[in-house]
Amino acid sequence: MRSPSRTTAALTALAFVVVACGGDGGPVTAEDAGASDVAASDEELAAGDGDTATDLIDDGDQVGVEAESADLLGAGATFITPLMLEWTRDNEPGIQVNYQSIGSGGGVEQFLSEQVDFGSSERYLTEEEIADAQEIRGCDPLHIPDAFGSVPVVYNDDDLDAALETAGQDSLVLDAETIAGIFAAEIESWQHPDIEALNPDVELPATPLIPVHRSDGSGTTYIFTTYLDHEIDWWSEQYGAGDEIDWAAGTIGGNGNEGVTANVQQQPGGVGYVSYAYAVENDIPAASVINADGNAIYPDLDTIAAGPNSIIDSIPDDFRYDILDVGADGFPIVGTHWVLAWECGYDDAVGDSLRDFLGWAVSAEEADDLARDLLYGPVTGDFSDRVLEQVERINSVE
Amino acid sequence: MSTQTPLEPSGPTSLRASGRGRWGDPVFRWAVLGAASSVLIILGVMMFRTTIDSMPIFREFGFFGFLAGDTWSTGQSRSEVTGEYGAWPFIYGTVKLSVIAVAIAVPLAIGISLFTNEVAPKWLRKPLSYAIDTLAMIPSIVIAVVAIFFFIPYVTDPIARFLVSTPLGELPFFAGPAQRQSYFSAGLMVSIMILPIVTAVTRETFANTPEDERNAAYAMGATRWEVMRHVIVPRGFPGMVGGTMLGVGRALGETMVVAFTVGSSQRMGASIFFGGDAITAVIFNTFATSSPEAIWGLLALGVTLFLMTTFVNILARLIVMRSGRVVGDAAV
């Protein structure tokens with residue numbers, strides 16, 4: 001009785017292995033993704049002898065037929081991951097994108113070391129990186145903005161939620177000064193005169209605060225610290241801005257937006273900053289933030305879009321910019337997500353796929369809707385046309 | 001007698017000289033030599049590569065300057081060292097959580113060993129020691145996940161909160177606020193991971209207490225407690241120390257569990273409830289996203305950790321060797 005069931009189990013296991021190897025889920029490298037590379041390896045195989053080689057060539061030819069939509073390999077920001085997954089699943093040109101959610105720092109690194117077809121980051125390349133890039137491939141790296149997002153301050157404190165409800169206030173109000181104070185571990189509880197002044201009606205609890213930051217190089221950190229760096233003088237002196245900074249003692253780190261979210265949810269008194277989609281998906285309360293015009297703004301679709309829209313006409317042609325001094329109805333801590341691509345050096349099939357995919361992402365109505373569903377600000381209107389011109393530059397130089 | 005039969009040559013054909021047999025010896029010799037030297041080559045290449053790659057950091061800050069530096073602030077450069085790289089917060093964290101782990105695991109291991117060897121009924125001894133060995137087989141990622149969803153909220157957090165609220169909380173070592181991810185959380189989880197090895201070594205040394213000495217003590221009217229206290233534990237002491245060192249060696253290098261539980265803050269604090277960082281954890285957390293210069297820094301940290309574990313392991317082996325051969329040490 002036992003041996004048939006064992007055989008079944010072994011067969012099932014084997015089937016899984018076969019499926020895993022045959023499917024698209026296997027690890028794909030940038031070279032694997034390039035269809036013409038497949039063709040090149042076929043030629044090598046053809047030089048060999050025997051039936052096996054012929055079989056493989058047949059398989060290879062089938063891949064060759066689909067050459068116009070080569071698979072893409074991208075890596076970078078966890079900030080954009082939820083949206084990137086949706087875009088991958090639903091994109092109109094039907095391009096397979098293998099996106100590795102490893103953080104913006106990793107996205108820039110893998111892009112510059114040419115391990116991926118496109119990088120992904122919420123910080124633009126530094127001058128030094130651009131100079132290096134030009135040396136690496138002999139042409140310009142392109143910044144392609146594909147979505148705007150906000151980085152709200154989220155917290156986990158049931159007592160505070162109860163106090164806000166009693167006071168009839170929708171959300172806690174913070175400003176740049178108090179946010180900086182919390183993340184410098186100088187404001188140790190909600191019961192700080194500055195926070196009390198911003199929330200006069202609320203009976204603030206004395207929960208000890210534990211700031212949670214990213215432990216990996218992160219574009220979310222870049223957006224957040226760039227905001228604090230711009231607003232608060234002592235912050236720029238002590239901490240500055242960057243995708244990885246030297247955080248104060250008494251804070252803890254989490255790996256990726258996922259890690260920060262989990263830490264905040266686990267730690268009563270935890271205060272963190274995450275891409276807004278993570279706050280909404282996990283139902284963590286966020287704070288309203290006072291913007292440049294003194295308005296307390298809660299992050300939502302309209303207030304997130306307001307900031308980018310206010311500067312949209314002054315965005316430089318190389319698309320390297322920060323969004324600062326947001327006023328009116330705009331949520332102040334906002335940033336841009338860029339896809340990083342090369343102006344040259346792609347196999348034609350990969351270059352075409354990349355242009356098609358990004359062109360769709362920045363211009364198609366469905367792509368914009370998907371972005372809005374996940375609370376990112378889409379690229380629209382005139383700006384979309386400008387970005388499309390940039391997309392057309394991909395692989396345009398020999 | 002039939003007992004003579006096995007002495008007959010078992011098969012002359014297998015020993016008969018043949019053309020191939022003449023080559024067998026040297027080929028086999030070179031094959032096993034290759035296998036044996038591969039270990040040294042791999043070790044050498046790893047050591048060499050990591051040291052070479054981390055040279056820019058050591059050149060910039062000096063070896064001891066790097067070890068003693070207390071600021072870790074990475075730069076973005078691809079060709080030169082622009083940030084500041086100091087290993088001290090991570091060395092401190094690694095050592096601190098290892099000490100916490102050992103402080104929890106060793107008394108527990110002694111208790112378990114005495115129980116399984118001396119107190120437990122015979123039928124329970126085997127299953128119990130198997131159960132402890134099984135603990136060593138749990139993959140560390142599983143322990144990390146269990147730590148996050150069970151141990152930290154329901155075990156370490158209540159303990160930490162309690163200790164902070166007692167008068168002990170006034171001491172810098174136990175000062176609040178009790179962060180969930182902290183040296184203490186990481187140390188407690190690592191103690192679970194090193195418990196099997198420490199127990200195995202301790203149990204073996206205790207079991208090796210000469211039967212005569214034990215019987216002599218009983219004959220003189222010693223109680224079971226007195227025998228354990230005055231005969232078995234002193235006899236097994238060197239083995240205990242060795243087992244502890246082996247545990248420390250393992251604790252220093254534990255990565256997954258530490259990365260999930262230590263706090264990752266690149267700072268250090270006196271309190272055990274402070275969320276700090278450890279060498280393994282910072283490498284794990286930041287390697288994928290680092291700029292080239294930060295990777296040099298991480299490699300320099302790797303070299304540091306390698307030196308630390310080598311030192312501890314050599315020390316452990318010396319101690320275990322001096323205390324006589326212990327079966328349990330083969331487990332490492």
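Contact here means heavy atoms within 4.5 Å. Keep that in mind as you work through this predicted model.

**Exercise 1. Find out where Ser271(B) sits and what surrounds it.**

Solution. Start with the address: Ser271(B) belongs to the loop between helix H10 (256-261) and H11 of chain B. Next, list the neighbours, skipping those within four places in sequence. Ser271(B) is then in contact with Lys96(B), Pro172(B), Phe173(B), Phe174(B), Ala175(B) and Tyr183(B).

Now check the burial. Buried means under 20% relative accessible area, and Ser271(B) has 8%, so it is buried. Last, look at what the side chain does. The side chain of Ser271(B) reaches the backbone oxygen of Ala175(B) at 2.7 Å, and it also reaches the backbone nitrogen of Phe273(B) at 3.0 Å.

**Exercise 2. Do the same for Tyr321(A): is it buried or exposed?**

Solution. Go to the loop between helix H15 (301-311) and strand S12 (334-342) of chain A, where you'll find Tyr321(A). Its relative accessibility is 7%, so Tyr321(A) counts as buried.

Then see who is around. Apart from neighbours within four places in sequence, the contacts of Tyr321(A) include Tyr124(A), Pro145(A), Phe148(A), Trp338(A) and Phe383(A). Thr336(A) is another contact, and here the two side chains make a polar contact at 3.0 Å. For a sense of distance, pick Thr251(A): it is 70 residues from Tyr321(A) along the chain, and their C-alpha atoms are separated by 29 Å.

**Exercise 3. Describe how domain 1 and domain 2 of chain A meet.**

Solution. First, get the bounds. The domain assignment gives domain 1 as 4-149 + 337-391 and domain 2 as 153-313. Domain 1 brings 20 residues to the contact and domain 2 brings 23.

Second, take the area. The two domains of chain A bury about 1700 Å² between them, with 63% of it on carbon and sulfur atoms. On the domain 1 side, Thr78(A), Arg123(A) and Leu375(A) supply 32% of the area buried against domain 2, more than any other three residues.

Third, look for pairs. There are 7 residue pairs in polar contact between the domains, both residues being at pLDDT 80 or more. Sorted by class, the domain 1 side has 9 nonpolar, 7 polar and 4 charged residues. The count of salt bridges between these domains is 1. Arg123(A) and Asp243(A) form a salt bridge, with their closest N and O atoms 2.8 Å apart. Both of these residues are buried.

**Exercise 4. Describe the interface of chain B and chain A: how many residues does each chain give?**

Solution. Chain B gives 32 residues and chain A gives 33. Together they bury about 2600 Å², of which 41% comes from carbon and sulfur atoms. In chain B, Gln76(B), Arg78(B) and Thr289(B) lose the most area to chain A, and together they make up 26% of what that side buries.

Now count the pairs. The interface has 10 residue pairs in polar contact, both at pLDDT 80 or more. Strand S1 (72-73), helix H6 (140-165) and helix H11 (279-286) of chain B each supply at least two residues of the side that touches chain A. The largest share, 4 residues, comes from H6(B). By class, that side of chain B has 10 nonpolar, 18 polar and 4 charged residues. The salt bridge count between the chains is 1: Arg267(B) pairs with Asp246(A), the closest N and O atoms being 3.7 Å apart.

**Exercise 5. Work through two salt bridges that lie within a chain, one from chain B and one from chain A.**

Solution. Begin with Asp53(B) and Arg49(B), whose closest N and O atoms are 2.9 Å apart. Both lie in helix H2 (residues 19-61) of chain B, 4 residues apart, about one turn of the helix. With a relative accessibility of 27%, Asp53(B) is partly exposed; Arg49(B), at 45%, is partly exposed too.

Over in chain A, the side chains of Arg89(A) and Asp90(A) meet in a salt bridge at 3.5 Å, N to O. Exposed takes over 50% relative accessible area, and Arg89(A) has 59%, so it is exposed. Asp90(A), at 37%, is partly exposed. For the overall tally, the count comes to 20 salt bridges over all chains.

Terms used. Residues numbered from 1 in each chain as written. Chains lettered and ligands numbered in written order. Heavy atoms only, no water. Domains from an automatic or database assignment. Buried area = accessible area lost by both parts, 1.4 Å probe. Salt bridge = Lys/Arg side-chain N within 4 Å of Asp/Glu carboxyl O. Polar contact = N/O pair within 3.5 Å; in protein donor to acceptor, adjacent residues only side chain to side chain. Nonpolar A, V, L, I, M, F, W, Y, C, P; charged D, E, K, R; others polar. Buried < 20%, exposed > 50% of the residue type's maximum accessible area, 1.4 Å probe, protein only.
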